[in-house]
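Please work through the following exercises with the sequence and the 3D structure at hand. Attempt each task before reading its solution.

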Amino acid sequence: MTTLPSGLPVDDFSDRIRPQDDLFLHVHERWLERTEIPDDKARWGSFAVLAEAAEEAVREIVVEMQQAEPGTDARKVGDLYASFLDEAAADAKGIDPIRPMLERIEAVSSIDELLELLGDLEAEGGPGFVGQWVDTDPGDPSRYLVHMTQGGLGMPDESYYREEAFAEIREAYLAHLETMLGHLDPETAQADAATVFALETELALHHWNRVDSRDDEKTYNLQRPLADHPRLAPWIRAVHAPEGTYDEVVVRQPSYLEGLASMLVDERLDEWRAWARAALIRGYAPYLTTQISRDLFAFQGTVLTGATVQRERWKRGVSLVEGLLGDAVGRIYVERHFPPDAKEAMDALIDRLVEAYRASIVDLEWMGAETRERALAKLDAFTPKIGYPKHWKDYGSLEIGDDLVANVQAATRFEHDRELAKVGKPIDRDEWFMNPQTVNAYYNPGFNEIVFPAAILQPPFFDAHRDAAANFGAIGAVIGHEIGHGFDDQGSKFDGDGRLHDWWTEDDRRAFDERTGSLIAQYDALEPAAAPGHKVNGALTIGENIGDLGGVGIAWRAYVASLEGEEPPVIDGLTGAQRFFLSWAYAWQLKIRPAEAVRLVSVDPHSPNEHRTNQVVKNIDAFVEAFDVRPGDGLWLDPEARVTIW
């Protein structure tokens, strides 16, 4: 494969499948035929390739940090990594690192005592039936609150416990529970596994589904104070948190807590103890013996995703470091791998995308003047963050030694305390929620910001020195996608200050919902190529689909504006428009295992990559014109059926 002046591997594109029939396969057919997914991966493509490169770069940095001055943040990273690499030490210890916690679980004599124990273990990542984090209050984004969500399940979500499509996975999960519990007590493992499986199946009945759980209005429920909750009070008393932290909390699924409370009765203490043991060994399995870690992978890796080989230990060590001490690594990563001209070029691209959104909002025929004015005000308030944060975390109070489990607990406790300490303090709008070395991007509605870490600002997404059409079609569309999240079905509920409230007129919201409803119907009809018979959930993926559609459409508009009336050159035999759309497709290169395709279509709010490519462009007139798409072609969509939102 040769990347030509266009920035695209044009000589590698299919000569059998036309872009007007299947843009994704036209770009990737030959690559798909010759590419094998690495044994330790469930999927392989553009994101994974960049992530592997970033992982290698981080490994180099982390190894060097092992020689840093003792007590420095760099040395803490090196010591944490070294403790994970010491597989012999982990094997020698067996389950001893978690034995004190197991003994405490066995010693409890009531549900209240169990709740107090789980609250005490919360700070260091112990087992829990709720998840929590700190974020802005959607109703008042000038303050931080704790957000709590449903938890307690060992499979990806509640659908795995009830849908027929997952019957075989349920059988595998029951066997997995028995295997994991067998490391604690082989004689009781079978009975305990059945108990835990039955308890989680009942708990799953109280879980909200993924569509309802992504609804920002349904999940905004203030509870004051949480300590008054009939069953959570002992847990709250024991959680290591500053006074007043739980005086007011956002409870995302209130009925889940009610259902949970009905199950937390002393008569079922033995069931909950078995559940706590299973959750404990699953949570700590990556840091215990080689066999326990492999047994966890056998289910979470092979059964759920199809990966056949566990990732090398050094790769898992890098992931651990990035998860617990990511800023300490990120600072050096940026110095080595993020040139200043990349930030300057991205700033210019973002300016063009924002202006294109502004022009599009002004021209919208379906939006009234009142809502339009508010939408423009929100756009004006957008904050872009490029490459890396202004301020780095200080790990000065964290102590790291040579004991892996103790290190994980200490680093987890450090982050737990740092997060909960934010409640009651001023909002830090400079904070990042992703490492610079992460290949991804995000929109944060509470901050009304778009964030692009350094690691994604590379080919095939971005190259400051390549053809403009390729940049606009890839990173330009990604920028547009993230801005678009501010105006998708959920982001559009937040104003420019990050406040959740209805700033739309009834007529405009109705017009918006009609368009999003048509897009939902389009995606509901699709199936992943790797998982035939499993439908895309249009309602679950609508936010990302709006982001994709708006992102590509607005990026095209920005590209046209950048030409300032000039005709773009033909490069590698392709027009500017063709290079733009081919670049969009090239960015979504992916080969995926069937098990992973099934898992993602069930739980992931993103559509499969082939549909992120093809279904989007079917709705865009400029693509139809660029490739002369006609009735009967695979990507033809009647003009009246095409959806344009932004």
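The exercises below treat sheets, salt bridges, helices and an annotated span.

This is a predicted model, in which local features need pLDDT of at least 70 and side-chain atom pairs count only at pLDDT 80 or more, while totals for chains, interfaces and linings use all residues. Residues are numbered from 1 along each chain as its sequence is written, and side-chain values use heavy atoms, with hydrogens and water left out.

**Exercise 1. The sheet of 4 strands**

Task: State the strand order of the open sheet of 4 strands and identify its edges.

Solution. Step 1: Helices (H or I, at least four residues) and strands (E, at least two) are DSSP runs, numbered from the N terminus. Two strands pair if DSSP finds at least two bridges between them.

Step 2: The order is S2-S3-S5-S4, and the pairing is mixed. Strand S2 (130-137) and strand S4 (222-223) each have a single partner strand, so one side of each has no neighbour in the sheet.

Step 3: Within the sheet, strand S3 (residues 140-150) runs parallel to strand S5 (residues 249-251), with 3 bridges between them. Val146 is placed opposite Val249 in S5.

**Exercise 2. The sheet of 3 strands**

Task: Describe the open sheet of 3 strands and the helix that packs on it.

Solution. Step 1: The strand order is S6-S8-S7, again with mixed pairing. Strand S6 (383-387) and strand S7 (442-444) are the edge strands, each pairing on one side only.

Step 2: From one strand to the next, the twist averages 20 degrees. Such angles run from 0 to 180 degrees between N-to-C directions, and axes are lines fitted to C-alpha atoms, for helices over the stretch in contact.

Step 3: S7 pairs with strand S8 (residues 449-453) in the antiparallel sense over 3 bridges. Here Tyr442 faces Val451 in S8.

Step 4: Helix H15 (residues 340-363) packs on this sheet and touches S6 and S8. The direction of H15 makes about 155 degrees with that of S6. Contact means heavy atoms within 4.5 Å.

**Exercise 3. Salt bridges**

Task: Determine which parts of the chain are tied together by the pairs Arg18 and Asp633 and Glu596 and Arg43.

Solution. Step 1: A salt bridge is a side-chain nitrogen of Lys or Arg within 4 Å of a carboxyl oxygen of Asp or Glu. By this rule the model has 61 salt bridges.

Step 2: Arg18 and Asp633 form a salt bridge at 2.7 Å, N to O. Arg18 lies in the segment before helix H1 (23-34) and Asp633 in the segment after helix H24 (621-626), so the pair joins parts 615 residues apart in sequence.

Step 3: Buried means under 20% relative accessible area, exposed over 50%, and partly exposed in between (1.4 Å probe, protein chains only). Arg18 is partly exposed at 36% relative accessibility, and Asp633 is buried at 15%.

Step 4: In the salt bridge between Glu596 and Arg43, the closest N and O atoms are 3.0 Å apart. Glu596 belongs to helix H22 (residues 594-603) and Arg43 to strand S1 (residues 43-45), so parts 553 residues apart in sequence are tied together. Glu596 is buried, with a relative accessible area of 2%, whereas Arg43 is partly exposed at 35%.

Step 5: A network of salt bridges links Lys393, Glu415, Arg418, Glu419, Lys422 and Glu431.

**Exercise 4. Helix H3**

Task: Compare the expected span of helix H3 with the distance between its end C-alpha atoms.

Solution. Step 1: The expected span of a helix is 1.5 Å times one less than its number of residues. For the 13 residues of helix H3 (residues 73-85) this gives 18 Å, and the end C-alpha atoms are 19 Å apart, which agrees.

Step 2: The buried residues of H3 are Lys76, Val77, Gly78, Leu80, Tyr81, Ser83 and Phe84. These residues pack against helix H2 (46-65), helix H4 (87-93), helix H14 (313-337) and helix H17 (404-420).

**Exercise 5. Glu122**

Task: Is Glu122 buried or exposed, and which residues does Glu122 touch?

Solution. Step 1: Glu122 is found in helix H6 (residues 111-122) and is buried, with a relative accessible area of 13%.

Step 2: Not counting residues up to four places away in sequence, Glu122 touches Gln132, Trp235 and His416. Glu122 and Arg413 are 291 residues apart in sequence, and their C-alpha atoms are 8.5 Å apart in space.
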